[in-house]
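Hi there,

Here is the structure I promised to pass on. Have a look at it first, and then read on for what turned up in it.

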Amino acid sequence: MSDTALTIGFTDPPRQAARAFRVLLNAMARPGRLYTLEGTDAPLPLSEAAALTLLTLCDPETPVFLAGTADTPAVRNWLTFNTGAPLTGPEHCAFAVGRWDALLPLDRYPLGTDQYPDRSATLIVEMDALSNTGTTLAGPGIDGTVALSVPDTAALTANRRLFPRGLDMILTAGGTVAGLPRSVRVL
Amino acid sequence: MTETAYNFAYLDEQTKRMIRRALLKGLAIPGYQVPFASREMPMPYGWGTGGVQVTAACLTPEDRLKVIDQGADDTTNAVSIRSFFQRTAEVETTEATADATVIQTRHRIPEHPLTEDQILVYQVPIPEPLRFLEPSEVETRKMHALEDYGLMHVKLYEDIARHGTIATSYAYPVKVEDRYVMDPSPIPKFDNPKLSDSPAIQLFGAGREQRIYAIPPYTQVVSLDFEDHPFDPSKADHPCALCGATTSYLDEVIVDDEGGRMFVCSDTDFCATRRGEAA
């Protein structure tokens, strides 16, 4: 895709956003479960799932931080054109998107306050692949335990220690998405 | 019947995004009340404006919606909300709990067990369980932040001291995942055990009070009690006069001027299904 051509994210925003949100709602309600999130022409290097997450949740009220390789002119133009979300640094963002190494360190994002823990950032973490292998997770939304290929077990444990403050994560790989809210415990 | 002049599910997209973000934060912090910019809806506060906004933000065109008011599908509130979404979202509706994908409820949890494919949306009048003990939002915010719930136990203890039992019979406070004390909306305490470890997603919307909160599936929800006064999900000690069910929550109905009364299932779909099967 060229840097100048703007692609339309949703051709029928109300219905496409509703369907995409249902996937995200299920993903956040059932951490570790893999869901399919497809149906848009994502600007490289964004995955389809990450692009749909941004289209569904972002607007002029949500500053977005494009981390590392996600910060390209094509992505900037696409995001601004489709959502109107202002671009910002990690300190003031509502959403951040990028690969794990580019998103680090995690302590620079808004973590919420004790009285308003919801005022924390949501990280959209781009992965090469997602699978139900690796780290064993438990917590609200998980029936017993679930295994997930998380990027960094130690960071999750540290994030859980902040509860009810903390970061929520949406892991994306291609057209696959998994929720990783702050309530998740690493076993 | 379709009102094409309205956006899908009535609300504009930016409002839905704002509600959707609040819902995701609510699920990430089970039992915590997320503030949201509640809109005026074409119905008065107290008629489920919070629940309607949550439902509007969640509905997809493929959903089958059920709406109940105190367990009944055929009361004014349920009928009008159902027809509201028929007109503005063109979704299918149903009265059968098992067939529904989204269920908006006023003050009951259906008797039929919920599944992983269902979302239960509660209409909430007063989301703050500590509100009648502490009128200041500034103070109750602090109490939640500090996990300072002693006052709630004092209230339940005073019930025992005065009445011999915990007299709270609806909106019975619960603790979610051993962290937040939460108002389950004015469901009878009979329904409280169904809040815990449910396969369905449970979402709560309070329109006038501008709060959204959530219980993810498979989440531990415990009704507050004392070791020597354990929680008792009591119900009327009768079978249903229509279907004979002994396990369902019952409404007491006055049937004449001589004080005659009968007890019938509050869940109309549950009762009708049982009678259909029995016939």
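Which strands of chain B does helix H1 of chain A lie across? Please keep in mind that this is a predicted model. Helix H1 (residues 13–29) of chain A lies across E4, E5 (119–123) and E8 (201–206) of chain B, and the helix runs at about 110° to E8(B).

Those three strands belong to an open sheet in chain B with seven strands, in the order E1-E9-E8-E5-E4-E2-E3 and with mixed pairing. At its edges stand E1 (34–35) and E3 (92–93), each with a single partner strand, so one side of each has no neighbour in the sheet. Within the sheet, E2 (residues 64–69) and E4 (residues 102–106) of chain B pair in the parallel sense over five bridges, and B:Lys66 stands opposite B:Ile103.

Back to the helix: H1(A) also packs against H1 (residues 13–28) of chain B, at an angle of about 5° and with the axes 10 Å apart. Angles under 35 degrees count as roughly parallel, so that is how H1(A) and H1(B) are described. The contact includes A:Phe21, A:Leu24 and A:Leu25 from H1(A), and B:Arg20, B:Leu23 and B:Leu27 from H1(B). Its residues divide into 12 nonpolar, no polar and three charged.

One more spot to look at is a hairpin in chain B, formed by E11 and E12 with six residues between them. E11 (residues 250–254) and E12 (residues 261–265) of chain B pair in the antiparallel sense over five bridges, with B:Val253 opposite B:Met262. In the turn, B:Gly259 has a positive phi of about 85°.

Best wishes

Definitions and conventions. Residues are numbered from 1 along each chain as its sequence is written. Chains are lettered from A and ligands numbered from 1 in the order in which they are written. This is a predicted model: local features need pLDDT of at least 70, side-chain atom pairs count only at pLDDT 80 or more; totals for chains, interfaces and linings use all residues. Side-chain values use heavy atoms; hydrogens and water are left out. Two strands pair if DSSP finds at least two bridges between them. Helices (H or I, at least four residues) and strands (E, at least two) are DSSP runs, numbered from the N terminus. Contact means heavy atoms within 4.5 Å. Axes are lines fitted to C-alpha atoms, for helices over the stretch in contact, and angles run from 0 to 180 degrees between N-to-C directions. Angles under 35 degrees count as roughly parallel, over 145 as roughly antiparallel, 65 to 115 as roughly perpendicular and the rest as oblique. Ala, Val, Leu, Ile, Met, Phe, Trp, Tyr, Cys and Pro count as nonpolar, Asp, Glu, Lys and Arg as charged, and the others, Gly among them, as polar.
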